[in-house]
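Here is a friendly note to read alongside the model. Please keep the viewer open, and take the points in order.

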Amino acid sequence: MAYDGLRPYLQVLEQRGMLRWVDKEVDKDWEIGSVLRMIFRGMPEEKRYGIGFSNIKGFPGGRLVAGVVAASRDMIATAVGCEPTLSAIHERVIAGINNPIEPVMVETGPCKEIIIKGDDVDLNALPIPIWTADKDAGPYLTPLWVTRDPENGRRNIGIRRCQIKSRNTTGILFGAPDRGGAIHFEKYRRMGKNMPAAIFIGADPVQYLVAPSRYGPDELAVAGGIRGEAVEMVKCETIDLEVPASAEIVIEGEVLTNGSEPEGPFGEFTGYMAGGRDGPVFKVNCITHRKDPIMMGIISQFPPSESSMIKRALLEAGLKKHLTHDLNIPGISDVHALEAGGCTAALWISMKKMYPGHVDQAAFGTLGYMGMSYFKWIVVTDDDIDIEDSFMRDWVMCWRVRPDKDMRVITGTASVELDPSSLGPDDVVGAETSAKVIIDATRKWDYPDISLPPLDKMRAVADDWDSYGLPPLEDLKLPKGE
Ligand SMILES: Cc1cc2nc3c(=O)[nH]c(=O)nc-3n(C[C@H](O)[C@H](O)[C@H](O)COP(=O)(O)O)c2cc1C
Ligand SMILES: [Mn+2]
């Protein structure tokens, strides 16, 4: 069943104990971000929930929700409508990529209930929080940006941070020049034109989940494929773009291609504060919203976070599909992007190695798909290893890798400015470079058997554990195998 916007989805989350409302008055400039942080610092993944704030100081009647897209795997499964396992999520996403459903245009929708134009536009009327108190340059949205390629007309959506600067201006961060939105901006800049852009906030959660990924076709068509129903779109008021009809809030305008203003710093998904240099300005011409709009944010900053959770599930799915279906690489068993790296710095692949070059094919295929700024570390190991298990990953690094032969460093590659190791203290943005390490952690010959009792014997004992009169086993880990 597809959710027709944010509200029916929030109802389901609430019914399942995955959304709690806070009635206590909270200060959006320090408190909301700090309360939300506790979701990721104070409880195990399976217990996490999203939070709604209904009493925001200075915003009578205002509401804000965050952590409602990807606080946990169960929540992502609720959003895409599948069983709460990572493999079911991957399957659902891959089915959506393979069977996209194009969005459809409708005349109007709830996002047009209130229309504010010209001098009446005031971003400060919206309860937009400061996420990392005392450190961020100001309030930030984490919205979905819609732009169109000026050459081929293709639409793109992507999540980008958006610093509120005045009643009608914001910043935008193009963190990597190889992304869809950044390429659009560069094309407009070369044409000497400003880039029309629309932001939407508070939509069907699937739209938030697909936006940070790189699926090829229009992400909204992929969202349609995942939901099993087309996303309904309406025309913007002031620009030639379309936005989802059921969005809570839409902000229309243009990103100026001449001139820039200071942007940031902002607490980033890497775990560091980042930015605090010049960046483009988004000039807002029109805001449309529902009568009592619900503000929505994504918890990013230090991992783990909603940002790392989204990227993990959705990016892994796209990568698996790319390696297996598009590049036709045999034997790929699993891929796992590490949340400590915000799911963009370190990747593990497990596979059944079959021929010389097979490991490289998987590693370089990954770099080609993700763009060269992603994944500094790629480790490829055999399919007997559960790469979800951090102890097994450490074991593989200790006993399946010979450092002088199995590790390859590729120097001078692209990177992102958000990675402080990519820039010296005096380097200018754009000068960042980094390196890739590809580790072949597969067995290079017929390595000895592992020193555990045979699997069938361990299973027999585990199955009959009660008979030994011992307390129950906890977190039993058996090797992968038949
Ligand atoms: C919560 C969140 C915030 C993000 N903020 C930014 C950002 O400010 N700038 C950026 O370049 N990418 C950001 N990203 C990553 C982009 O969404 C990602 O690179 C995506 O590919 C961009 O879309 P595009 O390729 O369609 O342009 C963010 C991702 C998430 C999940
Ligand atoms: Mn995109």
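The numbered points below go from the domains to the metal site, and then to single residues.

1. A word before we start: this is a predicted model, so please read each value as computed from that prediction. The chain is divided into two parts, domain 1 (6-297) and domain 2 (327-441). Between the C-alpha centres of domain 1 and domain 2 there are 29 Å. Their contact draws on 17 residues of domain 1 and 15 residues of domain 2.

2. How much area do domain 1 and domain 2 bury between them? The figure is about 1,300 Å², with 53% of it on carbon and sulfur atoms. On the domain 1 side, look for Arg179, Arg214 and Phe269, which supply 36% of the area that domain 1 buries against domain 2, more than any other three residues. One salt bridge is counted between the two domains. For a salt bridge to look up in the viewer, try Glu417 and Arg277, whose closest N and O atoms are 2.4 Å apart.

3. Next, please turn to a pair of strands. Strand β7 (residues 144-148) runs antiparallel to β8, and five bridges join them. One place to see this pairing is Leu144, whose bridge partner in β8 is Ile159. The two strands form a hairpin with six residues between them, and Gly153 in the turn has a positive phi of about 75°. Strand β8 (residues 155-159) is largely enclosed by the rest of the structure, because four of its five residues are buried.

4. Strand β8 also leads to the metal site. Which residues are the protein donors of the manganese ion (ligand 2)? They are Asn156 through OD1, Ile157 through O and Glu219 through OE, at 1.7 to 2.4 Å from the ion. Written as a sequence pattern, the donor residues are spaced N-I-x61-E. Distant parts of the chain are linked here, since Ile157 sits in strand β8 while Glu219 belongs to helix α7 (residues 219-227), 62 residues apart. Both Ile157 and Glu219 are buried.

5. Helix α3 (residues 73-80) deserves a look as well: six of its eight residues are buried, leaving the helix mostly covered. The buried ones are Met75, Ile76, Ala77, Thr78, Ala79 and Val80. What do these residues pack against? Their neighbours are α1 (6-15), β2 (50-53), α4 (86-98), α6, α7 and α8 (306-326). Helix α7 is the element that holds the donor Glu219.

6. Gly202 sits in the loop between β11 (195-201) and α6 (205-210). Is this glycine buried or exposed? Gly202 counts as buried because its relative accessibility is 0%. Leaving out residues up to four places away in sequence, Gly202 touches Leu6, Tyr208, Ser246, Ala247, Glu248 and Met296. Its C-alpha is 12 Å from that of Ile251, and the two residues are 49 apart in sequence.

7. Two partly exposed residues come next. Ser166, in the loop between β9 (162-163) and β10 (169-171), has a relative accessibility of 25% and so counts as partly exposed. With residues up to four places away in sequence set aside, Ser166 touches Leu123 and Asn124. Asp326 is found in helix α8, and at 43% relative accessibility Asp326 counts as partly exposed.

8. Please also check the backbone at two prolines. Gly264 and Pro265 are joined by a cis peptide bond with omega about 0°, and Pro265 lies in the loop between β15 (261-263) and β16 (266-267). The peptide bond from Pro303 to Pro304 is cis too, with omega near -5°. Pro304 belongs to the loop between β20 (294-297) and α8.

9. Finally, here are two residues that have a positive phi without being glycine. Asp134 has phi near 70° and lies in the loop between β5 (114-117) and β6 (140-141). Phe375 has phi of about 60°, and its place is the loop between α9 (358-370) and β23 (377-382). Their surroundings make a contrast: Asp134 is exposed, with a relative accessible area of 81%, whereas Phe375 is buried at 0%.

Notes:
Residues are numbered from 1 along each chain as its sequence is written. Chains are lettered from A and ligands numbered from 1 in the order in which they are written. This is a predicted model: local features need pLDDT of at least 70, side-chain atom pairs count only at pLDDT 80 or more; totals for chains, interfaces and linings use all residues. Side-chain values use heavy atoms; hydrogens and water are left out. Buried means under 20% relative accessible area, exposed over 50%, partly exposed in between (1.4 Å probe, protein chains only). Two strands pair if DSSP finds at least two bridges between them. Donors are N, O and S atoms within 2.8 Å of the metal (3.2 Å for Na, K and Ca); water is not among the atoms, so sites may look incomplete. Domain bounds come from an automatic or database domain assignment. Contact means heavy atoms within 4.5 Å. Buried area is the accessible area (1.4 Å probe) that two parts lose on being put together, summed over both. A salt bridge is a side-chain nitrogen of Lys or Arg within 4 Å of a carboxyl oxygen of Asp or Glu.
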